[in-house]
Amino acid sequence: MGKRKTELVQPPKVKFSAKEVKRQWPLLIWAAIFFAYGIVFHYIPLAGWIMAFQNYKPKNGLFHSKWIGMEKFKFLFSDKNFILDIRNTLAMGVLNLVSTFIMAILFAILLNELRSRIGKKSVQTISYLPHFLSWIIVTGILHDALSASGIVNELLGYLGQSPINFFAETKYFWGIVAFANVWKETGWNAIIYLAAITSIDPNLYEAAEIDGAGRWGKIRHITLPSLRPTIMILLLMNIGWILNAGFEVQYILGNGLVKRVSETIDIYTLTWGISQNDYSLGTAAGIFRSAVSIALILISNYVARKTGEDKLF
């Protein structure tokens, strides 16, 4: 028998022609609008990064401010407060990532296991609602619930426990921030996992049931492996946001008693860039955060490629 040559079927190439442009002109217009939006609001403002290398003064502008090189970056890494803010940002970023990521997956799986269609829709709708609340409202609810006369301390008193001043002890602050993010975003983050679950072939579940698998067996051997590509892609994307630990929660709930653990790079940037009118230092702190985020994405994507997992690029 002769050897067969395996030929890969390549998708047909779309030729760029006036006819093709005429056929797809609505899509091209929308693409051009979003492309222009990205250029105007995301790339052109990067020119302002030059402030980090200047002793920027608004009256002098970007072209006439004194050039000082890396002086602002040297000041950043010699400032103990900034080093502490890096620690706080990383700690809260990792806690937020782990807690919201795991809870979204668990919530999607549990919601998928509900047999009542009405119950599933009701729970799903209720879980979405916190996402649409502003952080001002969310932190207000948290503050009222955890205050000295709040419902949490009332329950502790009912159980015979002493009340806790949650906003006066540093050991509680990171947990409060993580809980706030889980409560606000779990339902919304679970949407993409629910969509991935619904795309799983039902025949796989039927085959597993024939083999004697129960609910846990189906979740372990079918649902979770099928979700693995989605989980990996979202994990890689979210790793880049670790240093975006938040601003509103820390700024609103923070106070002098917990300042040592509540301040983040964003608050540092606000303090120096706006309150102290040192725009150059604030810009330098922002550049550092962006550089670390890009590095985290590149490293995690490289690790995913080397381990054979799904990757971003």
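**Exercise 1. Decide whether asparagine 277 is buried, partly exposed or exposed, and describe its setting.**

Solution. In this predicted model, asparagine 277 has a relative accessibility of 48%, and because the partly exposed class covers values between the 20% and 50% limits, asparagine 277 counts as partly exposed. The next step is to place it in the chain: asparagine 277 lies in the loop between helix 13 (265-275) and helix 14. Its backbone can then be examined, where the phi angle of asparagine 277 is near 60°, a positive value in a residue other than glycine.

**Exercise 2. Work out how far the model of the protein chain can be trusted, and where it should be read with care.**

Solution. Begin with the whole chain, whose mean pLDDT is 88, with 95% of the residues reaching 70 or more. Then turn to residues 1-8, over which the pLDDT is below 50, and which have zero contacts in the model beyond near neighbours in sequence. Where pLDDT is low, the predicted coordinates should not be read in detail.

**Exercise 3. Describe the overall build of the protein chain, from its elements to its dimensions.**

Solution. As a first step, the secondary structure of the protein chain consists of 14 helices and two strands. As a second step, compare the radius of gyration with that of a compact globule of 313 residues: the globule would be near 20 Å, whereas the protein chain has 25 Å. The C-alpha atoms fill a box of roughly 80 × 70 × 40 Å along the principal axes. Turning to the interior, 35% of the 313 residues are buried, and among contacts with a separation of 6 or more, 66% join residues that are 24 or more positions apart.

**Exercise 4. Characterise the largest pocket by its volume, its lining and the elements that form it.**

Solution. The volume of the largest pocket is about 690 Å³. Its lining is made of 24 residues, and those nearest its centre are Thr100, Asn181, Asn189, Asn238 and Trp241. Two or more lining residues come from each of helix 4 (80-113), helix 8 (170-198), helix 10 (215-239) and helix 11 (248-253). Of the contributing elements, helix 4 gives the most, with six residues. Sorting the lining by class gives 13 nonpolar, nine polar and two charged residues.

**Exercise 5. Carry out the same description for the second largest pocket.**

Solution. The second largest pocket holds about 530 Å³ of space. Around it stand 16 lining residues, of which Trp49, Trp241, Ser290, Ser293 and Ile294 lie nearest the centre. The elements giving two or more residues to this lining are helix 2 (25-43) and helix 14 (279-306), and helix 14 gives the most, with six residues. By class, the lining contains 10 nonpolar, five polar and one charged residues. A comparison of the two lists of central residues shows that Trp241 appears in both.

**Exercise 6. Compare the surroundings of asparagine 181 and alanine 178, starting from their place in helix 8.**

Solution. Asparagine 181 is in helix 8, and alanine 178 is in helix 8 as well. Asparagine 181 has a relative accessible area of 13%, which is under the 20% limit, so it is buried. By the same test alanine 178, at 10%, is buried too. Leaving out residues up to four places away in sequence, asparagine 181 touches Asn96, Thr100, Trp135 and Thr186, while alanine 178 touches Leu95, Asn96 and Ser99; Asn96 is therefore named in both sets. Along the chain, alanine 178 and isoleucine 191 are 13 residues apart, and their C-alpha atoms are separated by 20 Å.

**Exercise 7. Decide whether threonine 223 and phenylalanine 132 are buried or exposed, and relate each to a residue elsewhere in the chain.**

Solution. Threonine 223 is placed in helix 10, and because its relative accessibility of 1% is under 20%, it counts as buried. Its contacts, leaving aside neighbours within four places in sequence, are Ile109, Ile197, Ile200, Tyr205 and Lys218. Threonine 223 and alanine 104 are 119 residues apart along the chain, with 14 Å between their C-alpha atoms.

Phenylalanine 132 lies in the loop between helix 5 (117-128) and helix 6 (135-146). Its relative accessible area of 58% is over 50%, so phenylalanine 132 is exposed. From phenylalanine 132 to glutamate 185 the sequence distance is 53 residues, and the C-alpha to C-alpha distance is 9.3 Å.

Technical notes
Residues numbered from 1 in each chain as written. Predicted model: local features only at pLDDT ≥ 70, side-chain atom pairs only at ≥ 80, totals over all residues. Heavy atoms only, no water. 1 Å grid on protein atoms, 1.4 Å probe; cavity = no way out; pocket = protein on both sides within 12 Å on 5 of 7 lines; lining within 4 Å. Points joined across faces, edges and corners; volume = space filled by probe spheres on them. Helix = DSSP H or I, 4+ residues; strand = E, 2+ residues; numbered from the N terminus. Nonpolar A, V, L, I, M, F, W, Y, C, P; charged D, E, K, R; others polar. Buried < 20%, exposed > 50% of the residue type's maximum accessible area, 1.4 Å probe, protein only. Contact = heavy atoms within 4.5 Å. pLDDT = per-residue confidence, 0-100. Rg over C-alpha atoms; globule rule 2.2 N^0.38 Å.
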